[in-house]
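User: I would like a close look at a single part of this model, with the criteria behind each term spelled out. Please take one ion pair as the starting point and work outwards from there.

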Amino acid sequence: MNIDDILAEVGGDETPGKAWDLQELTRCWVTERSAPEILPWPSALMDRVLERVRLQIEVVEDQVGNTDPKTNLRLVIIQTELERFKFLVRSLLRARISKLDKHALYVLTDATQTARLSPSEVQYVNSHQSLLQAHYHSCFLSQLPPSLQRLDDTAGGMSMVDQPDFDRAVFVRALRDVGELVHIQGTDTVFEMKRGDIYVVRWSAVKELVFTGDAELL
């Protein structure tokens, strides 16, 4: 059996669902990396992907030590695909953790943001903020009057809570024709998005289109 036969055999295991999951995982990673705020955790997708990774690891471990050249080449192909999925998962998690580290207090005080987290992320961001607050208190907050020790103070009309930049420019592509005109808040700019159109625009103007699947970030 030559290499073309082996590739065909391995490729025969490819299912439409598997290809779709890879495409969606890639899209989630790109969107998460480009968006200034935390996005909803894709729980169903991640459950399928992590289960597939677990099964592929079991296949590789079961075949380790097999001296059959055909089997060895098949394992190399499976491991390559496995590393591709693992890279995307790790990159997605890094992007989300980076946002949680930067905007932990904002995420914890905003119910909409907190609802977008996975259970593990909720635990992480709570622990992160508790440790950070304890560190600040031991370093300098304990030496200030109680009225100045809050990390979420809004005195003077200014909030100490660091929020994402919702007006940051993003590259966005329309996945389908958008029926309503897109309006950039605070300006007179209004435009129409057709399928395939690519724009550089404020995140706040297109975030709902991304959430509903009418557009994607690049």
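With which residue does K207 form a salt bridge, and how far apart are the closest N and O atoms?

Analyst: The partner of K207 is E37, and the closest N and O atoms of this salt bridge are 2.8 Å apart. K207 belongs to helix α8 (residues 203-212), whereas E37 is in the loop between α2 and α3 (43-63), so the contact ties together parts of the chain separated by 170 residues in sequence. Both K207 and E37 are buried. A salt bridge here is a side-chain nitrogen of Lys or Arg within 4 Å of a carboxyl oxygen of Asp or Glu. Buried stands for under 20% relative accessible area, exposed for over 50% and partly exposed for values in between (1.4 Å probe, protein chains only). Helices (H or I, at least four residues) and strands (E, at least two) are DSSP runs, numbered from the N terminus.

The model is predicted, with local features needing pLDDT of at least 70 and side-chain atom pairs pLDDT 80 or more, while totals for chains, interfaces and linings use all residues. Residues are numbered from 1 along each chain as its sequence is written, and side-chain values use heavy atoms, with hydrogens and water left out.

A second ion pair to consider is K99 with E32, whose side chains meet in a salt bridge at 2.8 Å, N to O. This pair also links distant parts of the chain: K99 is in helix α4 (residues 69-102) and E32 in helix α2 (residues 16-34), with their positions 67 residues apart in sequence. K99 is buried at a relative accessible area of 11%, and E32 is buried at 2%. R96 is another residue of helix α4. The C-alpha atoms of R96 and E32 are 7.0 Å apart in space, although the two residues are 64 apart in sequence. R96 has a relative accessible area of 0%, which puts it in the buried class.

E37 and K99 also appear together in the lining of the largest cavity, with P36, I38, H103, Y106, V107, Q113 and P164. The whole structure has one cavity of 30 Å³ or more, and the volume of the largest is about 30 Å³. Sorted by class, its lining comprises five nonpolar, two polar and two charged residues. Nonpolar covers Ala, Val, Leu, Ile, Met, Phe, Trp, Tyr, Cys and Pro, charged covers Asp, Glu, Lys and Arg, and the others, Gly among them, are polar. On a 1 Å grid over the protein atoms alone, a cavity is a set of points where a 1.4 Å probe fits but cannot get out; a pocket is an open set with protein on both sides within 12 Å along at least five of seven lines, and lining residues have an atom within 4 Å of a point. Points are joined across faces, edges and corners, and a volume is the space filled by probe spheres set on them.

For the wider charge pattern, a search of the whole structure gives 16 salt bridges. One with its partners in a single helix is R54 with E51, where the closest N and O atoms are 2.5 Å apart. R54 and E51 are three residues apart in helix α3, or about one helical turn. In contrast to the buried K207 and E37, R54 is partly exposed at 39% relative accessibility, and E51 is partly exposed at 35%. E24, R27, R173 and E216 are joined into one network by salt bridges that share partners.

E24 leads on to the largest pocket, which has a volume of about 400 Å³. The pocket is lined by 19 residues, of which E24, C28, T31, V210 and F211 are the closest to its centre. Helices α2, α4 and α8 and strand β5 (215-217) are the elements that each give two or more residues to this lining. Helix α2 provides the largest share, with six residues. In terms of class, the pocket lining has twelve nonpolar, two polar and five charged residues. F211 is partly exposed, at 29% relative accessible area.

To return to the starting point, helix α8 carries K207 and also contributes to the lining of the largest pocket, while E37, the partner of K207, lines the largest cavity.
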